[in-house]
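User: Hi! I've got a chain open here and would love to talk it through with you. Could you take a look?

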Amino acid sequence: MPNKSTRLLILVAVTALAMLMFSGCGKSGSKFANQAPTIRITSYEGYDDSELLAPYENVNFLFQQKIFWNATDPDGVITGFAYRVKDQDGNPIATPGNHFIDTDGSVTPDNVIARFGTGWVLHYKSNADQDIPLDDPAANRTIWTSAKYATINFPASDANGNPLTMNSTFEVIAIDNRGDITALDPNYPATSIAWRKFNATSARPTCIISTTKGNPNGGEVGSGIRLDFTMHDSDPFIPETPFKFEFRMMKVDPVTEAVIAGTESQWYNSVTTADPELNRYLLTRYTSPSILGTTNAYDIEGSVTNTKTKIQARAYDLAGVVSAVNDSSSLYFAVKAGFRPETLVYPQRVYALGDNHYIDYTDESTPEILPFTFINGVQRFATPFFKNMEGVNTAINSTNTKVWLRWGWKGEYGVVPATGPIIYTNNPYDKKIDTVLDRATNMNYFSEITHFHLRLDGQPYNYQPYANSIVTDTEGLQWLRIPQNSPLGQTVVLTAMTSGTHTLQVRCEDLQGEVDPIPAEITFTLVSAIPAANRSGILVIDDDRQNASTSPEPTVLEKYQQMLADYTGTVQYIKRTNAQETGDTFADFRLRHLATSDLQNYKLVIYHSDNPSESGSLKNENDGLTLYLKSGGNILISHTSKLASVLDAFVLANQKTFVNYLGIPPFVSPPAAILSDALQTRPFFQKAVGANGFPDIDLQYGTTGQPGASFNPLVNNFQGLATITYFPTYSAQAAPIYSMGIKPVGFVPAGPTQAQYDLYNGKTIGVRHVTNITRCYLLGFPLSYMQADDAKGMINQVLSELGMI
């Protein structure tokens, strides 16, 4: 049986339940009905009938207003807002930035229509496809927005676009989570629709018209230009945002500029389906309107200017106010046929990279960060093609060779001086000017490049995103046509290329629809690598600048032929081209003359720069010679006192690989020293004293003009040579093969002192460096100054070590 406490608890519960039942009897249920949300505008601009803002009824406001609001719901949450603008007659209107309103009520909920009517601004629903315009019934749209403010551009113009103070009303309502909307209670404005009136004003804007490539100022243009519109507005605190631009065309007398009757067109809107840019409009022979105007004729026929074309433009601001037509909004030019663009391939941006074609140091001659790869921790950079002895761009091919090719057009780049006109340079590292110059006249004809046409090895270039964009020219040749702004850009990267000759052809297309009649071409040959075991013969490179006293060409050639007389294999003698002499080599873009594709044909390369007055060009040939040595080549270098500074230039340029192959420390600057750099100073050298199997070599001298004398009179006079490089240090793997033998103390003429003898005699002037794949012989004395028979003995020793005799 329940105890006393339990009975008491049951009694209290029953009593409470009875009271609840009786309190609900006979009631209508409105006690728990939803309460409508309330809303108010929190901005201070404009006026309403409140005590605070009513005094501003006659105050003018700028046409653009950012209006904020706040809504509350006593028994729920606010889920959205709807707003609209009404004109001075109370009719809902669309405004710039809020272009679409629900005039027919097809989107507006019934309770909103019943209470407030239609005309609310339309918005996209969440995740709606915004490519479908809001005025399309298929759009997923609503009148509700979660925004708590709106930027409204109120009208402030008359029907003709003249400035006029206009009165408009802004209204906003709220909806809560139960679908209830703001109440309509004229007696209690705080709980009804929120509204604010504005007397909107706007100043008249100004319009400027030009082309995207400048103002022709009455000059000649091609049959394709793009108009460029700009609006300036003096309304303070408001961005200079145009609503639209309009233009009209007419023909004028080329002398008086009087409008020719019947040639004036209608006003055209700058926004079209074909060209949706607000401030741009394309004019060609094929657009509407045509750049040829109503006469459909060029202004210039042959060399006669019959007419000129005038375009007038006007701008509308967001308040509907239109600019006046004046000189700044007028464009004046003469349309002429015959302009054509010129396509360029930029050699600065043409390079390749692969196992057999690269450099391993930073190329300071270009501001570009070249493509690179890492092999065994060593960075390898792309480098331009070499030019072989036929003037052909070449590289040694490999399975991972990549080729970068870059093109453009004449007028794309240039230099803008502080004063004077632009200097067009066709250098892709200069300022981007983006002008298009006529191929024949170099005139700016105010066009743009729109497309590129590409062919590779006689076929349209294969680029899958535009695989269906193939055009056929008048000669029946097919080209890939790509937009100027395509993902391909202005560069192709070629991979998996077979050995052989390849040609890329490019031509550009302008706004006229005209293409370059002479395509630009870049041809290069990828050459298969020749293994070191399959090489034979000797290549002798003469880098001595001709001088009758210091390096007479016929005599030097004859002496090297004597040195190689015992070799029965193939010997090719070439002259390196220099600024004064045309030789057998061609400069590539980086002024290199020795192509690896030529060098790899030979088992031994002999390079001589024996003119003591010239440094030669060995420094320029680092790249080709390094790749040649890396692939198993062998080299003999004959030089003078200039060799010391040349080697130092290698070290300072971080071209350590080549210096290391020569057996010289690649991190020591300077890496060598000299006896003298002048023929008259310390002419002590008379003999190269051989070591490690190499024979002595005597300097050739005698009585000038007599048999056996040197071709250099100073050597005969002093009976010695001064311009010698010696090597204070060399790598541990290198071996000295020659040392300096100088005159004895007191020798006449021009003998050394004891101190000089002790300093110079016996210094190393020749080293041999042998690796598992290459042999390098470096001589700091010029072989052509030595006795030919002695030098032949030295050459035979080299050939013997190489297994060539």
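User: How much area does the chain expose, and what share of it do carbon and sulfur atoms supply?
Analyst: The exposed area comes to about 36,400 Å², with 52% of it supplied by carbon and sulfur atoms. Do keep in mind that this is a predicted model.

User: Noted. And what percentage of the residues is buried?
Analyst: Buried residues make up 49% of the 805 in the chain.

User: What about charges, how far apart are the mean positions of the positive and negative ones?
Analyst: They are 6 Å apart, taking the 59 positive and 78 negative charges of the chain.

User: Switching to the fold: how many helices and strands are there?
Analyst: The chain has 10 helices and 50 strands. It is more spread out than a compact globule, because its radius of gyration is 44 Å, well over the 28 Å that the globule rule gives for 805 residues.

User: What does the C-alpha trace span along its principal axes?
Analyst: About 140 × 110 × 55 Å. As for contacts with a separation of 6 or more, 72% of them are between residues 24 or more positions apart.

User: Can you walk me through one of the sheets?
Analyst: Sure! There is an open sheet of five strands with mixed pairing, in the order S14-S22-S21-S16-S17. Strands S14 (220-221) and S17 (268-269) are its edges, each pairing on one side only.

User: How do S16 and S17 run, parallel or antiparallel?
Analyst: Antiparallel: two bridges join S17 to strand S16, which covers residues 242-252. Phe 247 has Tyr 268 in S17 as its bridge partner.

User: New topic, backbone oddities. Which peptide bond into Pro 289 is cis, and where is that proline found?
Analyst: The bond from Ser 288 to Pro 289 is cis, with omega near 5°. Pro 289 sits in the loop between strand S18 (280-284) and strand S19 (300-301). Another cis bond joins Val 748 and Pro 749, where omega is about 10°. Pro 749 is in the loop between strand S48 (734-742) and helix H9 (754-760).

User: Why point these out?
Analyst: Because most peptide bonds are trans. Most residues other than glycine also have a negative phi. Leu 591, though not a glycine, has a positive phi of about 65°, and Arg 682 has a positive phi near 55°.

User: Where is Leu 591, and is it buried or exposed?
Analyst: Leu 591 is in the loop between strand S41 (571-575) and helix H4 (596-599). It counts as exposed because its relative accessibility is 52%, and the cut-off is over 50%.

User: And Arg 682, where is that one?
Analyst: Arg 682 lies in the loop between strand S44 (673-674) and strand S45 (685-690). With a relative accessible area of 29%, Arg 682 is partly exposed.

Notes: Residues numbered from 1 in each chain as written. Predicted model: local features only at pLDDT ≥ 70, side-chain atom pairs only at ≥ 80, totals over all residues. Heavy atoms only, no water. Helix = DSSP H or I, 4+ residues; strand = E, 2+ residues; numbered from the N terminus. Rg over C-alpha atoms; globule rule 2.2 N^0.38 Å. Buried < 20%, exposed > 50% of the residue type's maximum accessible area, 1.4 Å probe, protein only. Contact = heavy atoms within 4.5 Å. Areas by Shrake-Rupley, 256 points an atom, 1.4 Å probe, with all protein chains shown as cover. Lys, Arg positive; Asp, Glu negative; His and termini not counted. Charge placed at Lys NZ, Arg CZ, Asp CG, Glu CD. Pairing = 2+ DSSP bridges.
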